[in-house]
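Q: I have a new model open and would like to learn how to read it. Could you walk me through its main features?

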Amino acid sequence: MTRTITRFTHEGVSDAEVSVHPFATGDGLGLSLTRFLRTEGEDVVLLVHGLTSASDVYIMPEHRNLTSHLLDNGFGDVWAVDFRMSGRFPYDAETHRYTLDDIALYDFPATLKELRRHVGDRRVHVIAHCLGAVSFSMSLFAGAVDGITTLTCNSVSLTPRVPAFSKVKLSLGTWLLEYVVGLPFLDPRFGDAPFLTRPWMLSRAVSLFHGECRERACHMQSFQWGSGKPAMYEHSNLLPETHARVADICSASGLHYYRHVRKMVSSGRAVKYAPDDARYAGLPRDYLQNAADVRTPLLLLAPDRNRVFTDSNVHLHKILERAAPGRHELAVLPGYGHLDPLIGKNSYIDVFPRIVDFLKRHSA
Ligand SMILES: [Zn+2]
């Protein structure tokens, strides 16, 4: 891959004071918050990435990004967290046994503690994507974080649903990859591995089924995530520069989080991975059990071509409507897939205004 855009750059956000704030979780991981400050107002926005993207999905320089859009539309104090799923940290490409419960219990309470140290009791709006949206919602519905003014979840939240082929991959894939193929993690860059090594062979085998483009990293991402050609986005929604660097945007990923997702898919909702483990006694077995008591309004973004988490957010909205009628909102996004609502070339026209409208209505 010939890199034309610097990896892990902040240059996608102009006219803002950028500062990085390291902090620690209760179980001893170093994480970080990046602040993009133009003006301090009554509202603060916290951006939460997915697996295994990073804060970078919100600050991409090749198109108008969500951070710049928020700064230009009255939200002058934007923070982006990199938590343990971030591609900016090595944690998920190392051998580990973290689940989404660890993130709900440790990462977001620590994130909010560090954020509040700087912004005090100002309103905090959270915008989250993919498994970041699932785990932040878990943290909120478990009461591990509170005082959140709004929560926007793209693609999925507390009821992960996946295509039929993904269910097969979730049930057999982790076992096959670890015990038969002998790979502890998956990397969209496997296409660049040395000739005839296992990563090289896996990449070539995956590409046999993906004639939709010539980007091997795009094929591997479809294999890692969901079911489609491609699975993660509509090609037509991406700039060529973005498509060429998808491995920078979503990088290598371990296999263990998939096990927790599989358990949630089969349960039909977010559930605790190890209900009898005393370390997680403070978390509920079923994260929706007290849904009626959660006062934070949710905006559920539901791309209608979502081939990773299908209609998860449409389904959740029905459940939340029964628990708290009228409190939460659903926005179906026509023509969008799982990730392109955030990294699409026209998201600033089709998607971001919908989010800003929701935030402004809850800032009055
Ligand atoms: Zn592609």
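A: Happily! Keep in mind that this is a predicted model. Let's start with the sheet: it is open, with eight strands in the order β1-β2-β4-β3-β5-β6-β9-β10 and mixed pairing.

Q: Why do β1 and β10 each have one side without a neighbour in the sheet?

A: Look at how many partners each has. β1 (17-24) and β10 (329-333) stand at the edges with a single partner strand each, so one side of each stays without a neighbour. While you are there, note the twist, which averages 20° from one strand to the next.

Q: How do β6 and β9 run relative to each other, parallel or antiparallel?

A: Follow the bridges between them. Strand β6 (residues 150-154) and strand β9 (residues 298-303) run parallel and are joined by four bridges. To find your place, pick Thr 152, whose bridge partner in β9 is Leu 299.

Q: Which strands does helix α3 touch?

A: Helix α3 (residues 130-141) packs on the sheet against β3 (43-48), β5 (123-129) and β6, and its direction makes about 135° with that of β5. Another helix to find is α10 (residues 312-323), which packs on the sheet by touching β6, β9 and β10. The direction of α10 makes about 150° with that of β9.

Q: Now for helices against helices. At what angle do α2 and α3 cross?

A: Compare their axes: those of helix α2 (residues 100-119) and α3 come within 8 Å and cross at roughly 70°. Angles of 65 to 115 degrees count as roughly perpendicular, and α2 and α3 are therefore roughly perpendicular to each other. On the α2 side, the contact includes Ile 103 and Phe 108, while α3 brings residues including Leu 131 and Phe 136. By class, this contact has nine nonpolar, two polar and no charged residues.

Q: And which residues of α5 meet α6?

A: Ser 203, Val 206 and Ser 207 in α5 meet Arg 216, His 219, Met 220 and Phe 223 in α6. Sorted by class, that gives three nonpolar, three polar and one charged. The axes of helix α5 (residues 198-207) and helix α6 (residues 216-224) come within 9 Å, crossing at roughly 85°, so these helices too are roughly perpendicular to each other.

Q: Stepping back, how is the chain divided into domains?

A: Domain 1 covers 17-163 + 269-361, and domain 2 covers 164-254. Their centres, taken over C-alpha atoms, are 24 Å apart. Where they touch, 27 residues of domain 1 are in contact with 26 residues of domain 2. The domain 1 side of that contact divides into nine nonpolar, eleven polar and seven charged residues.

Note on methods:
Residues numbered from 1 in each chain as written. Predicted model: local features only at pLDDT ≥ 70, side-chain atom pairs only at ≥ 80, totals over all residues. Domains from an automatic or database assignment. Contact = placed C-beta atoms within 7 Å. Nonpolar A, V, L, I, M, F, W, Y, C, P; charged D, E, K, R; others polar. Pairing = 2+ DSSP bridges. Helix = DSSP H or I, 4+ residues; strand = E, 2+ residues; numbered from the N terminus. Axes fitted to C-alpha atoms, helices over the stretch in contact; angles between N-to-C directions. Parallel < 35°, antiparallel > 145°, perpendicular 65-115°, else oblique.
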